[in-house]
Amino acid sequence: MRVWPIFKKEMGLYFTSPVAYVVITMFLLVVGYFFYSIFVFFAMASMQAAMNPTMARELNVTDGVMRPLFSNISVIMLLLMPMLTMRLFAEERKSGTIELLLTYPVRDGAVLIGKYLAAFALYAIMLAATLVYPLVTGVFAPLEWGPLLSGYVGLLLMGGAFLAIGVLASSLTENQIVAAFLTFGVLLLFWVIGWSAEYAGGVAGRILQHLSIIEHYESFAKGVLDTRDILYYVNFTALALFLTLRSLESRRWNG
Amino acid sequence: MIEVQNLTKQYAAITAIDHVSFEVERGQIVGFLGPNGAGKSTTMRILSCFIPATSGSARVAGFDVFTQSMEVRRRIGYMPESVPLYSEMRVATYLNFVAEVKGVPRAERTRRVGEVMERCLIADVQHRLVGKLSKGYRQRVGLAQAIVSDPEVLILDEPTIGLDPQQITEIRALIKSLAGQHTVILSTHILPEVSMLCEKIIIINKGAIVAKGPITELVAQAFPTTRVHLQVAGPPPAVRAEVSRIPGVLRVEQQTVLDGVGAFVVEVARDRDIRAELSRLAAGQKWDLLELRRIGMTLEEVFIRVVAGEETVEREHASSGEEARA
């Protein structure tokens with residue numbers, strides 16, 4: 001498996017084109033703004049709580065700052081992830097470079113994994129940069145490291161699933177805009193699918209709830225690492241990547 | 001080195017190539033000729049393992065392109081017609097990537113990439129972005145990526161298209177230098193290029209091979225006679241009559257008469273040279289001999305005759321079919 005050269009090439013392309021810089025900058029800017037407003041709101045709430053001891057017992061930074069921040073990050077991801085993955089295959093198809101890439105002695109699987117890991121690594125870099133916010137918070141208030149860690153693990157797993165859908169969409173078209181919208185649409189559907197669970201009720205409701213991509217994040221945000229939730233994201237990712245592999249093969253068949 | 005048997009590729013509605021068979025021996029440079037849309041690129045794409053054939057088999061270096069695709073891909077260097085390259089990579093970085101993907105060991109990589117850049121005359125642009133290069137340079141980077149792993153077989157689709165005459169000469173010299181250790185199959189529609197580079201040619205038209213073999217053989221096949229161009233100042237009817245009387249002359253064709261000077265094409269059996277007899281005849285008749293030369297048979301004429309001949313045969317078939325029905 002020659003994953004490494006493909007990975008290096010994709011990382012190089014992210015950073016020689018403006019894509020990586022723009023996405024990371026915008027991401028940090030927006031997350032920074034959310035952090036600021038959440039933090040200020042929490043500070044105000046703490047002031048009021050200082051006069052009301054029962055309320056003060058309810059307040060802690062994990063629930064008051066980090067959880068809302070995580071849920072905001074996941075919404076921003078919904079919008080930004082399609083931009084990270086849209087070019088991976090669509091651009092190669094459009095420019096024809098796929099013809100050379102697929103005639104080099106690398107398996108389709110290695111190409112896919114290399115590209116996916118590059119997108120994942122870029123995402124991990126983005127997330128790592130947001131560690132600054134809990135660290136700043138930690139200066140002013142005691143932080144619980146457990147929920148913080150599980151929150152990040154959850155974000156990584158959920159982001160991995162988002163990226164897998166993005167890679168799949170990119171392999172289906174040679175138009176990057178189409179790939180981005182397709183990714184966004186599919187992710188949004190998986191996001192809101194749980195909402196109808198209430199009306200559906202019963203078994204159907206439970207199935208819809210189980211399919212919801214955001215529902216499974218809840219436990220991570222609370223600081224619980226549940227095998228079912230981890231498996232959901234891992235399966236989701238594996239299935240999307242498997243379908244991508246099939247799509248690459250079928251493209252080859254149809255010439 | 002390359003064995004192709006009954007290779008057929010069918011797209012939804014059209015048959016791109018139809019039962020194509022040919023062989024290429026080790027160390028040969030073979031030219032793949034044909035009008036646009038004849039199936040050259042399709043054949044090359046199948047040989048390079050990019051697309052599968054509908055039926056038939058193709059083996060490169062003893063390995064089947066479909067069932068042993070990895071083995072084949074390790075042994076080939078491929079340059080597609082459009083020379084698709086990553087425009088946002090630098091030349092040296094790109095070639096390093098290709099060398100790594102193609103399995104050139106780390107210890108040799110830098111040396112190998114440097115060598116290839118020297119050979120393809122792109123060392124001076126190695127730090128530039130591929131997307132900023134001129135067409136000629138891109139073409140050479142494309143060739144460099146094909147040979148960077150020193151593969152046994154090179155598949156080059158229109159390697160000199162879009163180059164200036166100076167660059168064409170350089171690239172041809174480069175390709176020529178690859179013969180011997182490498183087996184090269186190259187497609188082109190520049191005919192003089194083929195006669196310069198290739199020992200053997202394959203002419204393909206509408207998906208089927210219409211002629212293949214060494215160039216001299218093909219010329220002999222296409223033109224069983226030798227033609228001589230003759231210009232004399234003499235009465236044209238008399239010239240025709242006298243020339244026709246020379247033994248071995250098959251046909252005398254009068255082309256133009258200008259101020260009493262007639263131009264003729266005389267056709268004789270292939271191995272016969274009648275130029276001496278013609279000059280003696282002119283001297284004897286007191287006609288001024290103005291021009292006398294053998295008409296060289298170029299590949300171009302072979303090509304036109306083979307490809308056009310194919311069409312006349314088809315037309316005849318069609319019309320005879322209609323007659324039969326009538």
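The exercises below, each with a worked solution, concern a predicted model with a chain A and a chain B.

**Exercise 1.** Describe the secondary structure and the overall dimensions of chain A.

*Solution.* Begin with the count of elements: chain A has 14 helices and zero strands, and accordingly the run from the N terminus reads α-α-α-α-α-α-α-α-α-α-α-α-α-α. Next, take the extent along the principal axes, where the C-alpha atoms of chain A fill a box of roughly 70 × 45 × 30 Å. Then turn to burial, for which 36% of the 255 residues of chain A count as buried. Finally, consider the contacts in chain A between residues at least 6 apart in sequence, of which 78% join residues at least 24 apart.

**Exercise 2.** State into which domains chain B is divided, and how far apart the centres of these domains are.

*Solution.* The first step is to read the bounds, which give domain 1 as 2–220 and domain 2 as 224–294 of chain B. The second step is to compare the centres taken over C-alpha atoms, and these are separated by 46 Å for domain 1 and domain 2 of chain B.

**Exercise 3.** Work out the strand order of the six-stranded sheet of chain B, and place the helices that pack against this sheet.

*Solution.* Start with the order, S6-S7-S8-S3-S9-S10 in chain B, which belongs to an open sheet with mixed pairing. At the edges stand strand S6 (76–79) and strand S10 (208–214) of chain B, each of which pairs on one side only, while neighbouring strands of this sheet are turned by 15° against each other on average, direction ignored. Inside the sheet, strand S3 (residues 29–33) and strand S9 (residues 200–205) of chain B run parallel and are joined by four bridges; B:Val30, for example, has B:Lys200 in S9(B) as its bridge partner. As for the helices, helix H8 (residues 215–222) of chain B touches S9 and S10 of chain B, with its direction at about 115° to that of S10(B). Helix H5 (residues 135–147) of chain B, in turn, lies across S6 and strand S7 (153–157) of chain B and runs at about 165° to S6(B).

**Exercise 4.** Do the same for the four-stranded sheet of chain B, giving its order, its edges and its helix.

*Solution.* The order in this open sheet is S2-S1-S4-S5 in chain B, and the pairing is antiparallel. Its edge strands are strand S2 (15–24) and strand S5 (63–64) of chain B. Between strand S1 (residues 2–10) and strand S4 (residues 55–60) of chain B there are five bridges, and B:Glu3 has B:Arg59 in S4(B) as its bridge partner. Helix H1 (residues 40–47) of chain B packs on the sheet by touching S1, S2 and S4 of chain B, its direction making about 120° with that of S1(B).

**Exercise 5.** Identify the residues that touch the most other members of the largest nonpolar core, and describe the side of chain B that touches chain A.

*Solution.* The largest nonpolar core has 140 residues, of which A:Ala119, A:Leu163, A:Ala164, B:Leu95 and B:Ala144 touch the most other members. Helix H9 (residues 145–172) of chain A provides the largest share of this core, 13 residues. A second, separate core of twelve residues includes B:Val228, B:Val268, B:Ile274 and B:Leu278. For the contact between the chains, 23 residues of chain B meet 20 residues of chain A. Helix H3 (91–101) of chain B gives the most to the side of chain B that touches chain A, namely four residues. By class, that side of chain B has 14 nonpolar, four polar and five charged residues.

Technical notes:
Residues are numbered from 1 along each chain as its sequence is written. Chains are lettered from A and ligands numbered from 1 in the order in which they are written. This is a predicted model: local features need pLDDT of at least 70, side-chain atom pairs count only at pLDDT 80 or more; totals for chains, interfaces and linings use all residues. Helices (H or I, at least four residues) and strands (E, at least two) are DSSP runs, numbered from the N terminus. A residue is buried if 20 or more other C-beta atoms lie within 10 Å of its own, exposed if 12 or fewer, and partly exposed in between; C-beta atoms are placed from the backbone. Two residues are in contact if their C-beta atoms, placed from the backbone, lie within 7 Å. Domain bounds come from an automatic or database domain assignment. Two strands pair if DSSP finds at least two bridges between them. Axes are lines fitted to C-alpha atoms, for helices over the stretch in contact, and angles run from 0 to 180 degrees between N-to-C directions. A nonpolar core is a set of buried Ala, Val, Leu, Ile, Met, Phe, Trp, Tyr and Cys residues joined through C-beta atoms within 7 Å. Ala, Val, Leu, Ile, Met, Phe, Trp, Tyr, Cys and Pro count as nonpolar, Asp, Glu, Lys and Arg as charged, and the others, Gly among them, as polar.
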